[in-house]
Protein chains: 2
Amino acid sequence: MLWIYISLGVALLSFLVAAYFYRWVKRLPTANPRLDEVGTLIREGAFTFLKREYRILGLFSAVVVVLLVLFFPQPIWTTNSVTTNLLIGVAYLFGTLLSGLAGYVGISIATIANLKAATAARESIQKSFMAGFRGGAVMGMAVVGSSLAGAAIIYLIFQDSNIVMAFSFGASSLALFAKAGGGIFTKTADIAADLTGKVELGIPEDDPRNPAVIADNVGDNVGDVAGMGADLFDSNVAAMAASIVIAMSLGQVPFMFCLISLGLLASIIGVLCSRLGKKGNPSRALNGGTYLTCAIFAALTFVACLLSNFELRLWGAAMIGMVAGVIIGITSDFFTGDDKKPVAKVAEACQSGPAFTILSGFSYGLLSALPALIGIGLASLISYKLCEPLGPGYEMLGISFAAIGMLSIVGMIISNDAYGPIVDNARGVAEMADLGDEVLTITDELDAAGNTAKAITKGFSIGAAGLTVISLLGAFQEVVAAAGVTITFDLMDPLVFFGMLVGAAIPAVFSAMLMMGVNRNSQLMVKEIHRQFNSIPGLREGTAKPDYARCIDISTVGAIRELSPAGLMAIVATLVVGFIGGVQAIGGFLTGNIISGLLLALIMSNAGGLWDNAKKFIEAGNFGGKGSEAHKAAVIGDTVGDPFKDTAGPSINTQITVVSLISSLSATLFLLYSLF
Amino acid sequence: MLWIYISLGVALLSFLVAAYFYRWVKRLPTANPRLDEVGTLIREGAFTFLKREYRILGLFSAVVVVLLVLFFPQPIWTTNSVTTNLLIGVAYLFGTLLSGLAGYVGISIATIANLKAATAARESIQKSFMAGFRGGAVMGMAVVGSSLAGAAIIYLIFQDSNIVMAFSFGASSLALFAKAGGGIFTKTADIAADLTGKVELGIPEDDPRNPAVIADNVGDNVGDVAGMGADLFDSNVAAMAASIVIAMSLGQVPFMFCLISLGLLASIIGVLCSRLGKKGNPSRALNGGTYLTCAIFAALTFVACLLSNFELRLWGAAMIGMVAGVIIGITSDFFTGDDKKPVAKVAEACQSGPAFTILSGFSYGLLSALPALIGIGLASLISYKLCEPLGPGYEMLGISFAAIGMLSIVGMIISNDAYGPIVDNARGVAEMADLGDEVLTITDELDAAGNTAKAITKGFSIGAAGLTVISLLGAFQEVVAAAGVTITFDLMDPLVFFGMLVGAAIPAVFSAMLMMGVNRNSQLMVKEIHRQFNSIPGLREGTAKPDYARCIDISTVGAIRELSPAGLMAIVATLVVGFIGGVQAIGGFLTGNIISGLLLALIMSNAGGLWDNAKKFIEAGNFGGKGSEAHKAAVIGDTVGDPFKDTAGPSINTQITVVSLISSLSATLFLLYSLF
């Protein structure tokens, strides 16, 4: 139990660090009243959305709790232990609460840090960097601390795999909807603002005359900050849940908590050490922090492993995961980095028009799937083989520890990831509050660094999701085995194959539904913007103010309407396949879902990032620069890429996790009531 | 042996019908010398390309034959039966020859029928329809007849599964390169012609002033006719090969030949009955022929089944395959048909600009994968379960007979499919030879019907490829079992999983490579067209002639250069995975390849078809019609869709088949020499 108490201790430490950073950021000055005014608009818009979203999600969770208590792990009228059913409901609720909290904390700090970073940029890039980075770190510390504390508490009290799964399912299902909702909100506003502002009117990105500009900035917070926070909270919890289920019978749960808590400790040290040197470049500072954290993690866990007599092979599996994460990150950086060949090639293709922009970007997106899939495949193969000699059950634990290793430094990753939208927002508010061109130059540089860092952290999170769901598949088998049924998923079993084909279609349908939502909403918002420009006299000239609230409202209403159908579809499809084809079909379903999900997530995320950076590459003065035909084509590419990379692509991770968890939870039901 | 002789008889009959139609089409009149002149240019361009392509493919085949003889099924120095190695080489060559011949016959007739259909359109739509349809039918009859005759002869002489596989591998590997080459040729020209002609200069599609117009028309023949012919030849042979391997030990090979030969007979009857009524609409005539053929096939085989005492359950499996084919076809028609909601929705989105065109079309493409994947999944599940009671081995035979059932009416399908590019070409030559607006209206109507019919036939061919490769997976297991090793592909085996992840990436990389080829080449051709318009005085006004040959040359050289890398990559990847992970990894590799291949093929084919028809929908006068902003956006969508639907999408089928066949052929090698 030692490592579980240490985990709680480290979690507490992370809360303290988060609180310290929060106060540190909050005490920084704000430039002028206009900045405060803009900041308040963004903050209010974000919290209004969050409130409405959480109301829906609360209602949804209430319904799920009732269903869980009634049916899981077995129908309540067929079981002797009604308590288990009740506790599953409670654990689910606990998961949703913590996941929701992660989003809330993220928005609270992000909507302050943006103003502070903008203000600090008047003094120096170093100060502005610190404001953005420490703002992000509040979120990183809070998210990882609460997921670790949550898992430790649940394990400490119950030591029951179903309850751990239910906790994780709570975190994931909330993340699924929060991410979908946030992703739709942010891209609705972003696309509409870009198309009307940049393309039609030729005004700059964050021009205050654009009615959608506040909605766009709100979107950065509710989509990129809150959505991402909920997502990484969910990945982390899911990886722990899968490990716990597999590790429990092997007595290796303490080692898992050791890895996670030392990972968090390493992240705390990494975050505290991160700063931008006098001549430093911000992307190097961000990536340097990541590498430093990795090194500390490796050293700490190696020592702990020796001291506590843990299996070195399992430690090796965690290291394999961590290294694979770095490698996947570096390859995705190759495909999306603005100093690499693909971005230059796509930017060059923009000169031949939008069709070539799309074709070349999409082609690179397709290519980018290869190294990441090989990386995930090799990491799982090697960690499996490495741990096989330890005995039965350890092979799958090896894969699950590789996922844990990849996610170990998640505290640092979230800090880097949340830094991005904060400085992006800082740029926006600086422009709206007229802080001057120097501030814009600095925030632009910080923003670009955020994009580059994002490529690496995204590599980590997709890779980790891949390994996590592979180990969740193992956990599923474990759960079924616990019910007294030994199954193998034979590829030649037609039920497995049937499940696999259907499972492969789900991420495609899921992303289509989200993108169609963005499509519909942003067309509505474009109409509203046109209406305002046509009916508000003086708006074009900047003498009258636009009606920001209407645009925020369109984004909010649209996102609320569209956030649930896609996620519900995925959950219902899982249940339908399970009740038709039983556990065999579900094994195939999960596999198909993982494969197609990883493939589409990689293609969409990387193609989207590539188009974004190709546009920036042209804006930096290449191939004709801003306003050229190439730039127009690049903007079209970027618009297509927006929902690819910020709505559909990253939500697929969560979709896979949710589907895996609901499968494990429903295993007993599928064994009892399936058609085949 | 009775049914094998009947097969040879029916094949002979189909050759006679092909010869009859060939003479019938050839005797039709040609309108004027200008038409002859244009026709000759197209014909010469097509044969020049074919000759150069076949030279490369001949060289390639020679190398493969040497490798096959040296290494397959076992290294020649380790085997006692050198003859088997030699015969494998011979069978491979026979397969390539027949597959190459299919393309040759197709081009021979298509480059005549286009002129005849254009001329006949001066008289009536009925006559023009008959010229196009019977031209297509020459190809349909020749392709299916020769594949049936080839398989029957190979089986009659050798009765050896390795040799059957080698024959099929010959057909498929040639098809892979022919399709890639043809696909790159046709889209290079098509995109360049559209972008410069329609978008920049605002001249009509087949305007003779456009230097790329002849290359575009040549492309219709070498890409759509020859490439498609080689592809369906390959699917048909692969389905037969998989069936033979599985059916041999069960003594069910005669039933398979019964199904295929009666399917061809049904197609012959269907083709002979097809004609366009006085008030008929051409799409109904095409689809009517397909349904009629299905009905005849069902009736004939049912009677044969009773008379010859074949297993009714196996007949049922074939029927399931056929019905699934029709259903998949109808659903893909929903997503691409110009009278259905998706096309109208995408056309509507075009009004908001190209980004929405791409996003909405791609989203529908993603959605379209669902019904087809469920259809393939259900067809394999039900046919497996239906045949399971017959005993071990029959379940996989059930799936393979479902594939045979789906491909049974392939004679009719090819006729419909080849009809499309013929009437498309007829439209082109009619415009270039100034046959008048009435002729253009008629050929436009015929062309639109071709597009609609294509949706259904494409559904058939992707569905059939899906079922075929599932049964090839069964055949692979059979081949490994024959080597004395019983394997199960357990999803939780890390080698299987590793193979699956890598296998899933291959179709993505394969399509990316093809599309990048098209991208590069068409940018070159756009430059050449600009050069001609700038340097040839009087070209813009129509008083001087463009240099068509240069454009044909760019397409040819580019296609020759780009046709092999993608296919070789897929083959090499298979060998690498096999030698690393052995047969287990290959089992996973094939599964991943099938899943991701089907998914991407469906998404790309359907999104491409949808964009094409959305453009036509706008051109028909909706949302502003030709020349409007919506039309420009739609043209961009269509350009993106071109390589999606005509280069990458359909080539993936063949890639999957080739990879499956090379795996089966190399099974013994992988068993002997793998790393794990």
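This section describes salt bridges and the relation between two chains in a predicted model.

Over all chains, the structure holds 52 salt bridges. One of them pairs Lys187(A) with Asp642(A), whose closest N and O atoms lie 3.5 Å apart. Lys187(A) belongs to helix 5 of chain A, residues 161–201, and Asp642(A) to helix 17, residues 629–673, so the salt bridge ties together parts separated by 455 residues in sequence. Lys187(A) has a relative accessibility of 3% and therefore counts as buried. Asp642(A) is likewise buried, its relative accessible area being 2%.

A further salt bridge involving helix 17 of chain A joins Lys645(A), in that helix, to Asp612(A), in helix 16 (residues 548–619). Here the closest N and O atoms are 3.4 Å apart. The two residues are 33 positions apart, and the pair links distant parts of the chain. Lys645(A) and Asp612(A) are both buried.

These two pairs do not stand in isolation. Lys187(A), Asp642(A), Lys645(A) and Asp612(A) are among the members of a network of salt bridges. The network also includes Asp190(A), Lys616(A) and Asp646(A).

Helix 17 of chain A also contains a salt bridge between Lys632(A) and Glu629(A). The N to O distance in this pair is 3.7 Å. Lys632(A) and Glu629(A) are three residues apart in the helix, which means that about one helical turn separates them. With a relative accessibility of 43%, Lys632(A) counts as partly exposed. Glu629(A), at a relative accessible area of 58%, is exposed, because this value is over the 50% cut-off. The accessibility of this pair thus contrasts with that of Lys645(A) and Asp612(A), both of which are buried.

The relation between the chains was examined next. Chain A superposes on chain B after a rotation of 180° with 0.0 Å of shift along the rotation axis, giving an RMSD of 0.0 Å. This is the relation of a two-fold axis. Within chain A, the C-alpha nearest the axis belongs to Asp490(A), at 2.4 Å from the axis. Both copies use the same surface, as 97% of the contact residues of chain A recur in chain B.

Terms used. Residues numbered from 1 in each chain as written. Chains lettered and ligands numbered in written order. Predicted model: local features only at pLDDT ≥ 70, side-chain atom pairs only at ≥ 80, totals over all residues. Heavy atoms only, no water. Salt bridge = Lys/Arg side-chain N within 4 Å of Asp/Glu carboxyl O. Helix = DSSP H or I, 4+ residues; strand = E, 2+ residues; numbered from the N terminus. Buried < 20%, exposed > 50% of the residue type's maximum accessible area, 1.4 Å probe, protein only. Least-squares fit on C-alpha atoms with pLDDT ≥ 70 in both. Contact = heavy atoms within 4.5 Å.
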